[in-house]
Amino acid sequence: MANSTSQDDAGPEYYPIHIARSDGKGYTNLDYNALNLKEDQDIQQLERWEVILAGHLQNQLAPKEDKKQYKLAAFPKGYELRCAIRKDGGRDYYTYGHPAGPKASYRTPGDFVLHILWLASDSTDYSQCSCDLCFRMVEANKQKQAINPSVDPSTTANAPVQPVTNTTAPPRPGPEPQPKPQPQSQAQAQPQSLPLTQPQAQAQPQPQTQPQPQTRPQPQTRSQALSQSQSQPQPVQGAPPPGTTGLSNIFRVGEVVWYKHTAWRLGLILATNSKTNTFGGDDTQYRFILAPLGHAMLNQQNVTKEAQDMRPFLTFSVPNVAIDELQDKAFTEVDWQAFATRYSEGLDADQRAMRLQMVGLEASKMAARHINDSFSTFDKMAEAPTADRLFLIQTYAGVYFGAEMVRVGDLIRVTGPSHTDASSAADSQPDATTVMHVDEIQVATAAIGAVNPLPNLQFKGHLYRTIRSTLPFPPGVVPAETLGAAFVEEVGIRNQIEHDKKWKWGWTLVQQDAVRMVADVQGRFYVTHKLMSIIDPDAFQESMKSGVVGSAQSYLNNRSHSGRGVFIDRKPSRGATLGSAVRSPFTAPEGMLEN
Ligand SMILES: [Zn+2]
């Protein structure tokens, strides 16, 4: 094979890295040409890939103080760099060997390294790899199985990968730097400081949360490997609703989030994977596959992140657009292809790449605002005209509302009642967040020919606030157990934090059967301990120590701060809302019907 460079060939200036296992298929009859080791360009390209791949591994896995230069001793077994000679004599290089098939190839070392990182982990689950080929392969298999559940499992790509002997331990992972979120004063939820930085301002790449490379892959039987990858999507009794990992957990499939990638970036949760292959547990028990927001034509790779490296969208506000030409435009008004071409033309390759990154950042901000101003519904429960026939009322089990997914039974932050209709509100803490327990999600559409035909999204349910009181509780306090898990968790943690045990926390009813339109809904309510454990674990520990309950919700913005201030727009599906903002097509979680 052309890539059988041995350790001795690595040369004196590079330290060799061996990739201990491979799933490469070593296909015969591949497209294009095997490398010609008498051809200087081919040799240079092979070396370039090996050095770049090793450099990425070093960035991800090695301690910061490690300044050695590394090079792959060889491509993982069964993978091969091949050369396509263009009509003008130029040469393009592709890496083949991925189990997705003989036509599947990586075009750049940066694409391939994601898969190599997965090979260096102890995972045998392709859905945990963040490379593009694995993502497509897993999606294709899911669809194949949905259409034909009896498809021969041996033809799917879930066969266990073969451990290969000949190992040299790759560099050890370094300590992970912890960027701080920007907390603010208790009282007000102002938009917060800007998490996105321009590419030129980027610091050193940080090690991401990566699987441990030292661990040898565990040999698995085929049935084990298959049961992990195939049994998950089936609705299971006791399983959380589609797209969620638990009703009081933070992150859900289809939501826009911030994720740490040198700077904070905007992404969309495409899928979640349980680390233990079981349901239950908080967000830290899951990995999240994210599609970077931007534009599909930029071909941004999906990334896999853990909850500690993610934030709810409303934690930060979206920075203003930095390129003049894009000011005051909507995401969908820009011809991104033409803009990117114009913005990067006449530059050398490095400058061009930098410019395209900037285009991607701007696109991500504008896409986020566009999504923030959109909604789409799922799981319709009822549909009927009003008695006067002026409106059609549709009732749904859930809605993608801006960045978030809201379901019946969730808690949402809403504007409080006016004083006249809420005498009991005086008993609660003055700065307590008003939450609605969502009983109904309705879309009212005016009959054809009406003056205002825009569909109107509204939420119905009782309003509550937390209250701190000595026992017995005043009238109006409702036992949390009768309200749901999130209510129970919230007072539970507050009572746990409270040092002076004469004080007890409860939920007090502030208004029955309230209705809130979109402008009055600020976003989902996240239970204190889960939100704080993710966005500011130090402050949470401090709160536990001091016995003072902080207002976790003050870390969050209101939804209306993040849009463009235009009417909220109904879309037929989450995928339609996203449009070309992500490269990977969004498929609704299994069991969810968008309608
Ligand atoms: Zn992969």
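## Strand pairing and helix packing in a predicted model

In strand S18, methionine 436 is the bridge partner of isoleucine 412. The model described here is predicted. Isoleucine 412 belongs to strand S17, residues 411-414, where Ile412 and Val414 point one way and Leu411 and Arg413 point the other way. All of these residues are buried. S17 and S18, the latter covering residues 435-437, run antiparallel and are joined by three bridges. S17 also pairs with strand S23 (residues 521-524), again in the antiparallel sense and over three bridges. There, glycine 523 of S23 is the bridge partner of arginine 413.

**The chain as a whole**

The chain contains 10 helices and 24 strands. It has 595 residues, of which 50% count as buried. Among contacts between residues at least 6 apart in sequence, 73% join residues at least 24 apart.

The structure has zero disulfides. Two cysteines illustrate burial: cysteine 83 is buried, with a relative accessible area of 1%, and cysteine 131 is buried, with a relative accessible area of 0%.

**The four-stranded sheet**

An open sheet is formed by four strands in the order S3-S5-S6-S7, with antiparallel pairing. Strand S3 (33-34) and strand S7 (105-106) stand at the edges; each has a single partner strand, so one side of each is left without a neighbour in the sheet. Two bridges link S3 to strand S5 (residues 80-85) in the antiparallel sense. Arginine 82 in S5 is the bridge partner of alanine 34. Helix H1, residues 40-61, packs on this sheet and touches S3, S5, strand S6 (91-96) and S7. The direction of H1 makes about 50° with that of S6.

**The five-stranded sheet**

Another open sheet has five strands in the order S12-S11-S10-S9-S13, and its pairing is antiparallel. Its edge strands are S12 and strand S13 (310-312), each pairing on one side only. Neighbouring strands in this sheet are turned by 50° against each other on average, direction ignored.

At the S12 edge, strand S11 (residues 286-292) runs antiparallel to S12 and is joined to S12 by four bridges. Phenylalanine 288 stands opposite lysine 305 of S12. Strand S12 covers residues 303-306; Val303 and Lys305 point one way, Thr304 and Glu306 the other way, and all are buried. At the S13 edge, strand S9 (residues 256-261) pairs with S13 in the antiparallel sense over three bridges. Arginine 311 in S13 is the bridge partner of tryptophan 258. Helix H6 (residues 349-372) lies across S9 and strand S10 (263-274), running at about 65° to S10.

**Bridge partners**

The residue pairs named so far are collected here.

| Residue | Bridge partner | Strand of partner |
|---|---|---|
| isoleucine 412 | methionine 436 | S18 |
| arginine 413 | glycine 523 | S23 |
| alanine 34 | arginine 82 | S5 |
| tryptophan 258 | arginine 311 | S13 |

**Helices H7, H8 and H9**

Two packed helices are described by the angle between their axes and the distance between the axes. Helix H7 (residues 485-497) packs with helix H9 (residues 537-546) at an angle of about 60°, with the axes 7 Å apart. This angle makes H7 oblique to H9. Ile493, Gln496 and Ile497 of H7 meet Phe540, Ser543 and Met544 of H9. The residues of this contact divide into four nonpolar, two polar and no charged.

Helix H8 (residues 528-535) also packs with H9, at an angle of about 130° and with the axes 5 Å apart. H8 is therefore oblique to H9. From H8, the contact involves Thr528, His529, Met532, Ser533, Ile534 and Ile535; from H9, it involves Pro537, Ala539 and Phe540. These residues divide into six nonpolar, three polar and no charged. Phe540 of H9 thus appears in the contact with H7 and in the contact with H8.

**Asparagine 456**

Asparagine 456 lies in strand S20, residues 456-470. Its relative accessibility is 31%, so asparagine 456 counts as partly exposed. Apart from its neighbours within four places in sequence, asparagine 456 is in contact with Gln442, Val443, Ala444 and Met517. Isoleucine 393 is 63 residues from asparagine 456 in sequence, while the C-alpha to C-alpha separation of the two is 9.5 Å.

Technical notes
Residues are numbered from 1 along each chain as its sequence is written. This is a predicted model: local features need pLDDT of at least 70, side-chain atom pairs count only at pLDDT 80 or more; totals for chains, interfaces and linings use all residues. Side-chain values use heavy atoms; hydrogens and water are left out. Buried means under 20% relative accessible area, exposed over 50%, partly exposed in between (1.4 Å probe, protein chains only). Two strands pair if DSSP finds at least two bridges between them. Axes are lines fitted to C-alpha atoms, for helices over the stretch in contact, and angles run from 0 to 180 degrees between N-to-C directions. Angles under 35 degrees count as roughly parallel, over 145 as roughly antiparallel, 65 to 115 as roughly perpendicular and the rest as oblique. Contact means heavy atoms within 4.5 Å. Ala, Val, Leu, Ile, Met, Phe, Trp, Tyr, Cys and Pro count as nonpolar, Asp, Glu, Lys and Arg as charged, and the others, Gly among them, as polar. A disulfide is a pair of cysteine sulfur atoms within 2.5 Å.
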